[in-house]
Structure formats: structure tokens, C-alpha cells
Amino acid sequence: MNLIVPIGEGRSRSRLGTSRPAKELPLDIILQGDCIAEMARLPDKSVDMIFADPPYNLQLGGDLFRPEGGRVDAVDDEWDKFDSLGAYDDFTRDWLAEARRVLKDDGTIWVIGSYHNIYRVGALLQDADFWILNDIVWRKSNPMPNFRGTRFTNAHETLLWCAKDGRARYTFNYRAMKALNDDLQMRSDWVLPICGGAERVKGADGHKAHPTQKPEALLYRILLACTKPGDVVLDPFFGTGTTGAVARRLGRRWIGIEREPGYIEVATTRIASTLPLDESAMQTVQDKRSQPRVAFGLLVESGMVPAGTALTDSKRRWTAKVCADGSIACDGQAGSIHKVGAALQNAPSCNGWTFWHVDEGGALQPLDALRQRHLQGLG
């Protein structure tokens, strides 16, 4: 029998031991069970994004100790153990097949891993016909040192960001990422600290609840980059619920799958105590590529820029007249705002929306400002 753990508003509800009808989409719920079996019960093409933090298959050979004799709290749980690399590959093929089925055609999947598993997972992603968009290096600003001094300090993990194929119209909030990075293009190397301090979830015994808990800052950046408010995010290896907590904070819907009752317990409490951002705070800089296309003629038709209006460039070098059909005329040149602007400057191209301005009370306003007003009116 499947265990379904819904998350209430502001507090956790009791765990329900009722079965879920096949192919029903459970939102904002932790499903207890095997990730492959639980994904198989989800509808086809039903989620917008998948974040997967699968077992690393570390294959540790005994305990690791610090120089002073303290034991290193490494990943030695049963869920990370596989009989062979072949068994791990079979497991990866199976969960990737279900992930591909439930992912929408324009959705994306993120998989994070260490050098122990990410190359095997990457090859199997490509075998499953996923299209790799980027590999992101999460460079840890405070990594665990190499206590034995026999290797370089392992200071990063790799994330693979993939679409279902090379033609997918996936979500990428480019301008939001640029704004998050002080108006510079976001690069593929991210410097973020590992999870620690108050953010580290602890069990009843006071020890960390999960050995590989990811920092919320990492999921915040991923969800902000590749989803929109209301999108559905699936995490098939839910752990202590970082994906669910950040999704709730950002106004995204989520589905978690986790088989370990202890992790479910702390994740339920954690997510229930997460406060969503105010709706106005969830707004991001909109990517102009996602905005509806607006022809200049629409502004003429609506009377926002009526025929006969004089347009000028920002330095008032040229003055053009707006014609009834949305074309403009200036110094013997006639055509679109882009074509005429390019011809006057003897340039191969011109963005007429930013080149041409209207005079409003003595202050010049670019046509793009009027276009934004028009779009706001549509909203």
C-alpha cells in the first residue's frame, strides 16, 4: 500500500495510508515508495521540471577518519549501495525512462552527481535521447578537506541540464538569471556553500538527517532559471525535502518521492514550516522573448501612437512621420520603424523600438516604453 504524505497550509497533516488512483497527478505531496514504481503511476507528460539527486554509488571501502581520530560522517547508507556498476546502470536506465515519460515535451531535467556517478548517468541520459543543454559545475566554497592527503580536495559537483530533444521550447529565464548575477550573464560555474548551520536538517538525535542534503540556494537558482510560478516540479529522490521547500517558497507546485520514513518525517515538517513569498515578490524580470509579439501597427491602430505623430531619435537628428499603415517616412526613406532607422544610420539593422522616440511633455520616451504600456493593458 502506498503512503501519501500531503503537506498542509502552515502545518503537516497526518500521513494517509490510502491508495492513489493510477495516473492521478498528486500535487504538493510526498509519495513513499520506490521512485520507479511511483513515477510509473504518474500521468504521461505531466511535470514541467525534474530535479534528480540519485544515489552516488560511492562504493566506500571502510570508514574514513579525521587526523585527530574522529570518524567522518560519509555516505554509507543502504540506499547508496549497489552490487555492481552494471546494477547501478540498470537502475539509472529504469528511472530515466520513467522520468522521460512523465516530463512534458518542453520540460527539462536536472541531474546532480559526483565524479563517482555523473559520467555514467550522463552517458545514459544521452542513450535515453535527452539533449544536454549545459553541464553546471557547483563549486563548493567550503568543501570537506581531503583528510588522507592522497588526492585533490573534492570541491565540486556536476549538474546536467537536459531537454527531451534539441527542438524543445524549454523555459529559461535568462533575464532573471542575469539580474540575479548583478546584471552579468550567469555562467556555468556556480560558487555556493555546502549546506550547513541552521539550514542543515537534523534528526531527533541531533545529528544531520541526511548526508547529502543540498543547499536551498542551489535549488532556488535552478527553479528560478527553468520554471514559472505554478509549474510542477518532480523530485524522485526527495530526501529531506529541499526541492519541496524551495518550490513552495517560489510558488511552484511539487511532487516528492522518497522511500525512507525518517527522511519523509523531517521533510514534512520542514516544508510545512516554509513560508511562500508574497505573490508580488515572486515576479521576475520578464524575458522579452517570452512576451507576446507586438507590431508597431497595433500601437497606431489603438491610437497610442496615432498616424501623423512625429518620431525622433534620442539625439533629435532625424524626425519621421507615422503613416496610417504603421510605416514611417523620413528623408526620402519609407518602411518599418526598423528598416528606416537602419537606412538613416547606414547600418545593417536597427531596433526601431529603442531607436525611435516620442515627445511626451518635452521628455523623449522610446517606443518600447509605449509597447510595454500596451502589453500591460493586455494583461
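## Helix 3, a cavity and a three-strand arrangement

On one side of helix 3, Tyr119 and Asp127 are exposed. The model in which this is seen is a predicted one. Opposite these two exposed positions, the buried residues of helix 3, which spans residues 118–127, are Ile118, Val121, Gly122, Leu124 and Leu125. Viewed down the axis of helix 3, these buried residues fall within an arc of 170 degrees, and they therefore line one face of the helix. An α-helix has 3.6 residues a turn, so residues three or four places apart point the same way. The cover over the buried residues of helix 3 includes helix 2 (85–102), strand 4 (103–113) and strand 6 (156–163).

Just after helix 3 comes Asp129, with a positive phi of about 75 degrees. Asp129 belongs to the loop between helix 3 and strand 5 (131–140), and because its relative accessibility is 54%, Asp129 counts as exposed. Most residues other than glycine have a negative phi. Arg316 also has a positive phi, near 55 degrees, in a residue other than glycine. Arg316 lies in the loop between strand 10 and strand 11 and is partly exposed, with a relative accessible area of 46%. The table sets out the two residues with their values.

| Residue | Phi | Relative accessible area |
|---|---|---|
| Asp129 | about 75 degrees | 54% |
| Arg316 | about 55 degrees | 46% |

The surroundings of Arg316 can be described through the strands on either side of the turn. Strand 10 and strand 11 form a hairpin with five residues between them, and Arg316 is in the turn. Strand 10 covers residues 310–313 and strand 11 covers residues 319–322; the two run antiparallel and are joined by three bridges. One bridge pairs Ala310 with Lys321 in strand 11. Strand 10 is also joined to strand 14 (residues 356–360), again in an antiparallel sense, by two bridges, and here Asp313 stands opposite Trp356 of strand 14. In a regular strand the side chains alternate between the two faces of the sheet.

How many cavities of 30 Å³ or more does the structure hold? There is one cavity that reaches this volume, and the volume of the largest cavity is about 40 Å³. The largest cavity is lined by Gly113, Ser114, Tyr115, Tyr119, Asn154, His156, Glu157 and Thr158. Tyr119, exposed on helix 3, is thus named again here, among the lining residues. Strand 6, which helps to cover the buried residues of helix 3, gives the most to the lining of the largest cavity, with three residues. Sorted by class, the lining has two nonpolar, five polar and one charged residues.

Elsewhere in the chain, Val266 has its place in helix 7 (residues 261–272), and it counts as buried because its relative accessibility is 17%, where buried means under 20%. Val266 and Gly239 are 27 residues apart in sequence, while their C-alpha atoms are 9.0 Å apart in space.

For the protein chain as a whole, there are eleven helices and 15 strands. Of its 379 residues, 46% are buried. Among contacts in the protein chain with a separation of 6 or more, residues 24 or more positions apart account for 65%.

Conventions
Residues numbered from 1 in each chain as written. Predicted model: local features only at pLDDT ≥ 70, side-chain atom pairs only at ≥ 80, totals over all residues. Heavy atoms only, no water. Buried < 20%, exposed > 50% of the residue type's maximum accessible area, 1.4 Å probe, protein only. Helix = DSSP H or I, 4+ residues; strand = E, 2+ residues; numbered from the N terminus. Arc of directions from axis to C-beta. Contact = heavy atoms within 4.5 Å. 1 Å grid on protein atoms, 1.4 Å probe; cavity = no way out; pocket = protein on both sides within 12 Å on 5 of 7 lines; lining within 4 Å. Points joined across faces, edges and corners; volume = space filled by probe spheres on them. Nonpolar A, V, L, I, M, F, W, Y, C, P; charged D, E, K, R; others polar. Pairing = 2+ DSSP bridges.
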